[in-house]
Amino acid sequence: PQVQNVTYENDVAPIMQKHCASCHAAGQQGAEATGFLVGSYESLMKGSRFGPVIDPGSAKTSSLYNMVSGEGNLAVTMPHGKDTISADEIQVIRAWIENGAIEN
């Protein structure tokens, strides 16, 4: 079942802060390696130096979702070297992307 009424500020930003910000903040290893920052909606939507990580409306074609869910058969999953994101949190990210990845 899809989570309803998911917003960036209330639902997604706290997950990014909890699991991703320690590496994907300015000056940190993940940010330096990829150019991907998670500190704001704008930076999340900008993506990485390799391109966008979110395809609004499609979690399956969003590399952010594929990396945190492990569904993309990618060599790298996130968060790298840390506890995985819970299934509930992954569903929140999925629902947010599927619902258009709007700011709020």
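Leaving aside neighbours within four places in sequence, Ile54 is in contact with Leu44, Met45, Ser62, Leu64, Trp96, Ile97 and Ala101, where contact means heavy atoms within 4.5 Å. The model is a predicted one, in which local features need pLDDT of at least 70 and side-chain atom pairs count only at pLDDT 80 or more, while totals for chains, interfaces and linings use all residues. Residues are numbered from 1 along each chain as its sequence is written, and side-chain values use heavy atoms, with hydrogens and water left out.

Ile54 is found in the loop between helix H3 (41–46) and H4; helices here are DSSP runs of H or I with at least four residues, strands are runs of E with at least two, and both are numbered from the N terminus. Ile54 counts as buried because its relative accessibility is 7%, given that buried means under 20% relative accessible area, exposed over 50%, and partly exposed in between, with a 1.4 Å probe and protein chains only. One of its contacts, Leu44, stands ten residues away along the chain, and the C-alpha atoms of the two residues are separated by 8.0 Å.

**The nonpolar core**

The largest nonpolar core has 25 residues, of which Val12, Met16, Leu44, Ile54, Leu64 and Trp96 touch the most other members; such a core is a set of buried Ala, Val, Leu, Ile, Met, Phe, Trp, Tyr and Cys residues joined through side-chain atoms within 4.5 Å. Two or more residues of this core come from each of helix H1 (8–19), H3, H4 and helix H5 (87–98), and the largest share, six residues, is that of H5. Leu44 touches Tyr8, Val12, Met16, Phe36, Leu37, Val38, Val53, Ile54 and Trp96 when residues up to four places away in sequence are not counted. In soluble globular proteins, nonpolar side chains tend to be buried together.

**The largest pocket**

The largest pocket has a volume of about 480 Å³. On a 1 Å grid over the protein atoms alone, a pocket is an open set of points where a 1.4 Å probe fits, with protein on both sides within 12 Å along at least five of seven lines, and lining residues have an atom within 4 Å of a point. Grid points are joined across faces, edges and corners, and the volume is the space filled by probe spheres set on the points. Of the 24 residues that line this pocket, the closest to its centre are His24, Thr34, Phe36, Met67 and Met78. Helix H2 (29–34) and helix H4 (63–69) each supply at least two residues of the lining, which by class has 14 nonpolar, nine polar and one charged residues. In this classification Ala, Val, Leu, Ile, Met, Phe, Trp, Tyr, Cys and Pro count as nonpolar, Asp, Glu, Lys and Arg as charged, and the others, Gly among them, as polar.

**Salt bridges**

A salt bridge is a side-chain nitrogen of Lys or Arg within 4 Å of a carboxyl oxygen of Asp or Glu, and by this rule the count comes to two.

| Pair | Closest N to O distance |
|---|---|
| Glu89 and Lys18 | 3.3 Å |
| Glu71 and Lys60 | 2.6 Å |

The pair of Glu71 and Lys60 links distant parts of the chain, eleven residues apart, with Glu71 in the loop between H4 and H5 and Lys60 in the loop between H3 and H4. Glu71 is partly exposed, with a relative accessible area of 40%, whereas Lys60 counts as exposed at 51% relative accessibility. In the other pair, Glu89 is buried, with a relative accessible area of 14%, and Lys18 is exposed, with a relative accessible area of 59%.

**The segment after H5 and the loop between H1 and H2**

Ala101, found in the segment after H5, has a positive phi of about 50 degrees although it is not a glycine. Most residues other than glycine have a negative phi. Ala101 counts as buried at 1% relative accessibility. Glu103 lies in the segment after H5 as well, but it counts as partly exposed, with a relative accessibility of 39%. Glu103 and Thr7 are 96 residues apart in sequence, yet their C-alpha atoms are 6.6 Å apart in space.

Cys23, in the loop between H1 and H2, counts as partly exposed at 26% relative accessibility. Residues up to four places away in sequence not being counted, Cys23 touches Gln28, Gln29, Gly30, Ala31 and Lys82.
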